[in-house]
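Reader: Could you walk me through the aromatic side of this one? I'm new here, so keep it simple.

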Amino acid sequence: LTCCYRKPKTKRAKRFLEKREPKLKENTKNAMLIKGGNANLTVTEVLKDIYAVKKPFAVLYKKKNITRPFEDQTSLEFFSKKSDCSLFMFGSHNKKRPNNLIIGRMFDYHILDMIELGVEKFVSLKDVKNSKCPEGTKPMLIFAGDMFDVNEEYRRLKSLLIDFFRGPSVPNIRLAGLEYVLHFTAVDGKIYLRSYKVLLKKSGCKIPRIELEEMGPSLDLVMRRTHLASDDLYKLSLKQPKALKPKKKKNISHDVFGTTYGRIHMQKQDLGKLQTRKMKGLKKRPAEKSAEDGGASPKKSKSA
């Protein structure tokens, strides 16, 4: 077998390949936003607003690309490998499927999941005249609706939206940094996306009073076609390396609230030899001592 891998000739090429090598802790997932060959103004504005929300972990392709992801996926896989993006959103518009968005993710630079959504109503960022969150703010994601837990397609859509909008993993949380909310509601066959800015107001105590101010963008979506990975492939994509799996510790358990319980194994104790606190009330009288010694008579006092 001939190997198609070529060694890098420069240090820059070596660094480039090292960045793309498999890692124990993955980098933050990047998303590519692509316009179809017949994208209209609404779809273009939606892609621009999603790009503004996702920055700096997104790439916006400004040129139109004539492709149909549900029929031919090679071009998307090529762009994914070129830009090192594992998430994508493709926008198009035609008479049969107006204002069409396709959101999906890759596994090993091949399509894993892909869901088609239709935009029925759209309010852009610039249409809402309120203050905006700074670029790169990590959003809080809220999902409402039984469909996200009952229906398999909606459950996979929820997983896909979490992957798309979650942002970087952070070790610590700062209260002032919790200022952006993305709310998804599934009801009556539609998905409503709303975004809010969190305002922390004075409340007279340590805990601030919280108010939500609509910020944009706002989308009313309806699910159309789906292309979901098989159970075996989906399970393979979730596989973790052994180095990341926590080592099981003996005699330690956790409850549903995260409390840690430990079990200690000890030898049987002789409670008769237990050392108690010395108190005057617990002192033994002479009669009790003599009874314990076998009933020996107390010594007679010396005669004068």
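Reader: Are Phe164 and Phe165 buried or exposed?
Author: This is a predicted model, where local features need pLDDT of at least 70, side-chain atom pairs count only at pLDDT 80 or more, and totals for chains, interfaces and linings use all residues. Residues are numbered from 1 along each chain as its sequence is written, and side-chain values use heavy atoms, with hydrogens and water left out. Buried means under 20% relative accessible area, exposed over 50%, and partly exposed in between (1.4 Å probe, protein chains only). By that yardstick, Phe164 and Phe165 are both buried.

Reader: And what does the pair of Phe165 and Phe184 tie together?
Author: Rings of Phe, Tyr and Trp (its six-membered ring) pair if their centres lie within 6.5 Å; planes under 30 degrees apart are stacked, over 60 edge-to-face, the rest tilted. Phe165 and Phe184 make a tilted pair, 6.0 Å centre to centre with 40° between the planes. Helices (H or I, at least four residues) and strands (E, at least two) are DSSP runs, numbered from the N terminus. Phe165 lies in helix H5 (residues 152–165) and Phe184 in strand S7 (residues 180–187), so the pair ties together parts that are 19 residues apart in sequence.

Reader: Which residues form one aromatic cluster?
Author: A search of the whole structure finds 7 aromatic pairs. One of them is edge-to-face: Phe164 with Phe165, at 5.0 Å and 65°. The cluster is Phe143, Phe148, Tyr154, Phe164, Phe165 and Phe184.

Reader: Which residue lies over the face of Phe164?
Author: A charge sits over a ring if NZ of Lys or CZ of Arg is within 6 Å of the ring centre and within 35 degrees of the ring normal. At 5.4 Å from the ring centre of Phe164, the residue is Lys54.
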